[in-house]
Amino acid sequence: MCETPLYFKTITEISEDIASKQLSPVDVTAAMLERIEELDGQLKSYATVIAEQAMAAARAAEREINAGAYRGPLHGIPIAVKDLCFTKGVRTMGGVEVLAEHVPAFDGTVITKLAAAGAILLGKLNLTEGAMGGYNPNFAIPQNPWNPDRWTGSSSSGSGVATAAGLCFGSLGSDTGGSIRFPSAACGVVGIKPTWGRVSRYGVLALAESMDHVGPMTRSVADAGIMLAAIAGSDPNDPTSLPDPVPNMLEGIGQDLRGIRIGFDENYATHGIDVELAAAVRAGVKVLADQGAEIVEVELPDVDEYVSVWPTLCATEAVVAHAAYYPFRRDAYGPWFQGWLDMGAKVSGAAYAKANNLRAACTGHLRRVFAEIDVLVCPSMSAPPHVVTPEILYGPYDPRDREPKFQRFTVPFNYNGAPTLSVPCGMNSEGLPLSIQFVGKHLTEPLLCRVGHAYESATPWQDLHPDV
């Protein structure tokens, strides 16, 4: 078999070579910056590349490692973050034109934690405007490395593209209604949406704070666990961050799945979705059974009614998040996000309360489903990445883009804050990636990593990379 190129190796692989001094953080970082320079003019995943800072950090990491002060598996590893994570001295735009010159005076907590782990920040990654569904016309649209005419997964699109194309070894995304899971699925990478509150949101531009999650996107499940462990934990600057201690996210990884009860609702997971994706998910359930898991038939409610009110909740909270600029600088927003904010501004208190009640009902139903299982399995999204055009992605906003089916497998777990793990589960007949999703109870990310790693180890999909 051919040797995996450096840029497609996993964090786990690279970290072993760096720890043993077989690889230099300086050489690895220089190679990644060269690859970004070569390819990202086409792929458009980066909003800002900080080459000088990255090389300085790499040299510092190399000195520390040579002196015997190895910090752990992220030490000397080049990564990137979605451009809504505050980074001191580096513009943080959130895809929003009114923030084009926004240069924070401090680092967000996730940036501080990644630096403490010794990670090398290559730059900030492009996203949709305000982390919603469409792009500002003055910002670039990341291109799907599997097919440039296909969707890159909405908000954390730059994170998905850069990770899939080997322009970083891992990245951070955010997820309010699917925006870690959608780009992970569309670009063929792994993504963890942690338990709400597991990762501090201090210094992260908000979309809808009651549903915003920050999490890692990588090329393997173990890598995602490594990154999550680095960024998780209580933060006095974010009172919504959970006080629970951060566990070993890789505990039990490599074990089989005996004793684990995995719920599967055939109707919820396969009815009315893409046929090839449904077949891949069914095949994934068989793989889990072969790994020793007990497959439990469960029945979810029809979630579409509950999902249908997500725009009401998200758009209303987005108006709050952008109160410093909207409505008095309304015209500076692009057509897509402008329409989203306009919709949110019209929501009455009664309408928001009704939507919130439906959210609570959905959460209650899910609590009952999980009473008898450890993990739920379903797709990450309802179809492979669809055809897009700049005209569609720049707007104006079309409510038909947010039909309940589109977010059936994502929004319920933003509502209840449960952790999810998306893992590649095949390729369709057009050569596009497919994705399976594992959903856990609150604070069970190590179990999700164990399940995802068992699935990943029994299938060939981790070794597939786009030809860019």
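**Exercise 1. Cys378 and Cys187**

Task: Find out whether Cys378 is buried or exposed, and work out why the sulfur of Cys378 is too far from the closest cysteine sulfur for a bond.

Solution:
- Step 1. Start with accessibility, keeping in mind that this is a predicted model. Cys378 has a relative accessible area of 0%, so it is buried.
- Step 2. Now look for a partner. The closest cysteine sulfur to that of Cys378 sits in Cys425, at 11 Å. A disulfide needs the two sulfur atoms within 2.5 Å, so this pair is too far apart for a bond.
- Step 3. Try Cys187 in the same manner. Its relative accessibility is 0%, so Cys187 is buried too. For the sulfur of Cys187, the closest cysteine sulfur belongs to Cys168 and lies 11 Å away, which is too far for a bond.
- Step 4. Finish with the count: it comes to zero disulfides.

**Exercise 2. Helix H16 and its partner H7**

Task: Describe how many residues of H16 are buried, then say at what angle H7 and H16 pack.

Solution:
- Step 1. Get the length first. H16 covers residues 445-457, which is 13 residues, and spans 18 Å from first C-alpha to last, close to the 18 Å expected at 1.5 Å a residue.
- Step 2. Check the cover. Of those 13 residues, 10 are buried, so H16 is mostly covered. Among the buried ones are Leu448, Cys449, Val451 and Tyr455.
- Step 3. Bring in H7, residues 221-231. Its axis is 8 Å from that of H16, and the angle between the two helices is about 160 degrees. Angles over 145 degrees count as roughly antiparallel, so H7 and H16 are roughly antiparallel to each other.
- Step 4. Add the handedness: H7 and H16 make a left-handed crossing. On the H7 side, the contact uses Val221, Gly225 and Leu228; on the H16 side, it uses Glu445, Cys449, Gly452, His453 and Glu456.

**Exercise 3. Helices H2 and H3**

Task: Say at what angle H2 and H3 pack, and which kind of crossing H2 makes with H3.

Solution:
- Step 1. H2 takes in residues 25-43 and H3 residues 51-66; they pack at about 160 degrees, with axes 8 Å apart. That makes H2 roughly antiparallel to H3.
- Step 2. The crossing is right-handed here.
- Step 3. Time to list who touches whom. H2 brings Pro25, Val26, Thr29, Ala30 and Leu33, and they meet H3 residues including Ala51, Ala54, Met55 and Ala58.

**Exercise 4. A short helix, H5**

Task: Work out why helix H5 is largely enclosed by the rest of the structure, and which residue follows it.

Solution:
- Step 1. H5 runs over residues 157-164, and eight of its eight residues are buried, so the rest of the structure largely encloses it. Ser157, Gly158 and Val161 are among them.
- Step 2. Move past the end: Gly166 follows H5, and its phi is positive, near 75 degrees.

**Exercise 5. Two loop residues**

Task: Decide whether Gln407 is buried or exposed, then do the same for Asp265.

Solution:
- Step 1. Gln407 is in the loop between helices H14 and H15. Its relative accessibility is 2%, so Gln407 counts as buried.
- Step 2. Leaving out residues up to four places away in sequence, Gln407 touches Gly177, Phe182, Val307, Trp310, Arg402 and Pro412.
- Step 3. Asp265 lies in the loop between strand S7 and helix H8. At 6% relative accessibility, Asp265 is buried as well.
- Step 4. Beyond its neighbours within four places in sequence, Asp265 contacts Val298, Glu299 and Leu300.

Terms used:
Residues are numbered from 1 along each chain as its sequence is written. This is a predicted model: local features need pLDDT of at least 70, side-chain atom pairs count only at pLDDT 80 or more; totals for chains, interfaces and linings use all residues. Side-chain values use heavy atoms; hydrogens and water are left out. Helices (H or I, at least four residues) and strands (E, at least two) are DSSP runs, numbered from the N terminus. The expected span of a helix is 1.5 Å times one less than its number of residues. Buried means under 20% relative accessible area, exposed over 50%, partly exposed in between (1.4 Å probe, protein chains only). Axes are lines fitted to C-alpha atoms, for helices over the stretch in contact, and angles run from 0 to 180 degrees between N-to-C directions. Angles under 35 degrees count as roughly parallel, over 145 as roughly antiparallel, 65 to 115 as roughly perpendicular and the rest as oblique. A crossing is left-handed if the near helix is turned anticlockwise from the far one by less than a right angle, and right-handed if clockwise. Contact means heavy atoms within 4.5 Å.
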